[in-house]
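The following paragraphs guide a new reader through the structure shown here. They may be read with the sequence and the model side by side.

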Amino acid sequence: MLRLEKLVKTYKTGDQALKAVDLNVPEGQVLALIGPSGAGKSTLIRCINRLVEPTSGSVFLGDVDLTRLSMSALRRQRRRMGMIFQEYALVERLTVMENVLSGRLGYVGFWRSFLRKYPQSDVDEAFRLLDRVGLAHMADKRADELSGGQRQRVGICRALIQDPALLLVDEPTASLDPKTSRQIMRLICELCKERGLAAIINIHDVALAQMFVQRVIGLRFGAVEFDGLPEGLTPEV
Ligand code: ADP
Ligand code: ADP
């Protein structure tokens, strides 16, 4: 469902963040992207939805090469990709419910949520999602009243209400304590399974990846150095 072909990113500074990465992600597969900082994990995730423009190569989502699309066509395809961020990227002064509903517009246009009246069906779906992650009772709280783990749950709901085919998850637990990190990873992986969603999770913590996913991609110096079962990882690569 997602296929990267010879994906290259060279930043203006000359940094070769990705050196011809090939990667195939089948439908419904959840994989973890690991590797030391600077390996290119974040660049890889962001090249998929073109938050970072690839220098060359292709990103196929289904049959569509995202690298060849105009901005308006890309915007439509981005609706199929939910994104979850390290720092949650919630709108602090909006409520939990409003933050979740903003996912309906895609992250490029979340400010418009102020102006929009949502259909009851969207509100119902947001409630169902919040209930699933244990936050239904917080729906009317402002985002800035929540703990880190609660915020990330809201971020997850906001990504899922898009009904995406693919989740792009960038260091979801980097700002959380170990216990909350495990809960959030478990939740993301369970939800992917329930919905048949594919996901790429950029995660620094190898032990967490080993606990929850079936496939690990090890990046180093912008190249895939490991691709396989988490058990195959040696502690000292
Ligand atoms: P940092 O220096 O950014 O803290 P490390 O180099 O310590 O990152 O890597 C963290 C963990 O990830 C280590 O346990 C290491 O074995 C593992 N690791 C790093 N890069 C790879 C890779 N390319 N393939 C497999 N495992 C890796
Ligand atoms: P990771 O997510 O694995 O820590 P990154 O994708 O953030 O790795 O970075 C990969 C390489 O690209 C690093 O050498 C980093 O310094 C460089 N890099 C990342 N973002 C930029 C940028 N905006 N401008 C220039 N170089 C960048």
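Helix H1, made up of residues 41-48, lies across S1, S2 and S4. With respect to S1, helix H1 runs at about 120 degrees. The model described here is a predicted one.

The strands that helix H1 crosses belong to an open sheet of four strands, whose order is S2-S1-S4-S5. Pairing within this sheet is antiparallel. Its edges are formed by strand S2 (16-25) and strand S5 (64-65), each of which pairs on one side only.

Within the sheet, the pairing of S1 with S4 can be followed in detail. Strand S1 covers residues 2-10 and strand S4 covers residues 56-61, and five bridges join the two in the antiparallel sense. One residue to locate is Leu2, whose bridge partner in S4 is Leu61.

Side chains may be considered next. Arg3 lies over the face of Phe60, at 4.5 Å from the ring centre. As for pairs between aromatic rings, the structure holds zero of them.

Attention now turns to another helix, H3, which spans residues 96-102 and contains Asn99. Is Asn99 buried or exposed? Asn99 counts as buried, because its relative accessibility is 0% and the term applies to values under 20%. Which residues does Asn99 touch, once those up to four places away in sequence are not counted? They are Leu90, Val91 and Leu94, together with Ala143, Val154 and Arg158.

Notes. Residues numbered from 1 in each chain as written. Chains lettered and ligands numbered in written order. Predicted model: local features only at pLDDT ≥ 70, side-chain atom pairs only at ≥ 80, totals over all residues. Heavy atoms only, no water. Pairing = 2+ DSSP bridges. Contact = heavy atoms within 4.5 Å. Axes fitted to C-alpha atoms, helices over the stretch in contact; angles between N-to-C directions. Buried < 20%, exposed > 50% of the residue type's maximum accessible area, 1.4 Å probe, protein only. Phe/Tyr/Trp six-rings, centres within 6.5 Å; stacked < 30°, edge-to-face > 60°. Lys NZ or Arg CZ within 6 Å of the ring centre and 35° of its normal.
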